[in-house]
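Student: I'd like to go through this one label by label and hear what backs each of them up. Can we start once the structure is up?

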Amino acid sequence: MNTASGIGMTSQRTRNRMVERLREKGISDEDVLKAMSIVPRHIFMDEALAHKAYEDTALPIKFGQTISQPWVVAKMTEILIENQPEKVLEIGTGSGYQAAVLSRLIKQVFSVERIDELTKVARKRFIQVGYRNIRTKTGDGFDGWQSEAPFDAIIVTAAPPQIPEKLVSQLKENGVMILPVGDDKKQNLIKVTKTANGYTEETISAVMFVPFLQGTVRK
Ligand code: SAH
């Protein structure tokens, strides 16, 4: 008991420090900072790397993928929740960390991952931490999640070469999609806002994500 609560206290302290650093780096939404002080990022990675969980860096997970850098998670989340969405789609579940953060801020989170093994591991972690408002499936994110569309907002955490039109079609009018667009040399974080007859685009900052790939992977 003592040991367990001791570990809990230590990770809470390091998490609070991470949040202070995010604040210094310009993240100001108190709800986002609160969510990131709650979600145990170390649970979403391999134990061997857990000691680095609260550093502001991306870290490798299985299958050559990465858990996004906390600042990038915070920035994308800040933009995503501006219009108080209630139903959000994530493409690229990966470790599940971004979905976990969203689930503390948004009523319903749907998340699609192309690598079946990652979907399964993320699902176990959501149960472990008791986050029940996240639904996941293995699928090709190019197709979105048609049966649950339209969404108030969409977040893509792998970089396609251009904006996937099918995902825009699954947004409500005035809905926002935040995504990295580019290749392995240059990518920009883009905010797409759906309008009555198309969409508008705004460039936020340069970023680097793993590529958005087509098809699914099942062992
Ligand atoms: N949001 C994740 C980031 C993981 S990295 C996190 O917080 O950990 C991006 C993920 O996108 C990888 O797991 C990769 O397999 C997945 N991905 C890439 N292309 C995809 C596609 N077309 N459909 C669904 N997932 C995809």
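Student: Leaving aside its neighbours within four places in sequence, which residues is Leu80 in contact with?

Tutor: This is a predicted model, to begin with. In it, Leu80 is in contact with Pro85, Val88, Leu102, Ile106, Ala153, Ile154, Ile155, Val176 and Ile178, once neighbours within four places are set aside. Leu80 is also, with Met36 and Tyr97, one of the residues that touch the most other members of the largest nonpolar core, which has 45 residues.

Student: Which elements supply at least two residues of this core each?

Tutor: Helices H1, H2, H3, H4 and H5 do, and so does strand E6. H3 gives the most, with six residues. Another core, of 20 residues, lies apart from it and includes Leu89, Ile91, Phe110 and Phe212.

Student: Why is Phe44 with Phe126 called a tilted pair?

Tutor: Their centres are 6.2 Å apart and the planes make 45°. The cut-off for pairing is 6.5 Å, and tilted covers what is neither under 30 degrees nor over 60, so this pair is tilted.

Student: And what makes Phe44 and Phe126 count as buried?

Tutor: Buried means under 20% relative accessible area. Phe44 has 0%, so it counts as buried, and Phe126 has 3%, so it does too. Phe44 sits in the loop between H2 and strand E1 while Phe126 is in helix H5, so the pair ties together parts that are 82 residues apart in sequence. Ring pairs also link Phe44, Tyr97 and Phe126 into a cluster.

Student: Why is the pair of Phe142 and Phe212 called edge-to-face?

Tutor: The angle between the planes is 85°, with 4.5 Å centre to centre. Edge-to-face needs over 60 degrees, so the label fits. Phe142 is in the loop between strand E5 and E6, and Phe212 in the segment after strand E9, 70 residues apart.

Student: Is Phe142 buried or exposed, or partly exposed?

Tutor: Partly exposed, at 23%. That label runs from 20% to 50%, so Phe142 falls inside it. Phe212, at 9%, is buried.

Student: How do you know that Ser95 and Glu113 make polar contacts with the ligand?

Tutor: The cut-off is 3.5 Å between N or O atoms. A side-chain N or O atom of Ser95 is 2.6 Å from a ligand oxygen, so that passes. A polar side-chain atom of Glu113 is also 2.6 Å from a ligand oxygen. For Gln98, a backbone N or O atom lies 3.1 Å from an oxygen of the ligand.

Student: How much of the ligand does the protein bury?

Tutor: 100% of the 590 Å² that the ligand exposes when taken alone.

Definitions and conventions. Residues are numbered from 1 along each chain as its sequence is written. This is a predicted model: local features need pLDDT of at least 70, side-chain atom pairs count only at pLDDT 80 or more; totals for chains, interfaces and linings use all residues. Side-chain values use heavy atoms; hydrogens and water are left out. A nonpolar core is a set of buried Ala, Val, Leu, Ile, Met, Phe, Trp, Tyr and Cys residues joined through side-chain atoms within 4.5 Å. Buried means under 20% relative accessible area, exposed over 50%, partly exposed in between (1.4 Å probe, protein chains only). Helices (H or I, at least four residues) and strands (E, at least two) are DSSP runs, numbered from the N terminus. Contact means heavy atoms within 4.5 Å. A polar contact is a pair of N or O atoms within 3.5 Å; within protein, one must be able to donate a hydrogen and the other to accept it, and residues adjacent in sequence count only if both atoms are side-chain atoms. Accessible areas come from the Shrake-Rupley method with a 1.4 Å probe; for residues, only the protein chains shown count as cover. Rings of Phe, Tyr and Trp (its six-membered ring) pair if their centres lie within 6.5 Å; planes under 30 degrees apart count as stacked, over 60 as edge-to-face and the rest as tilted.
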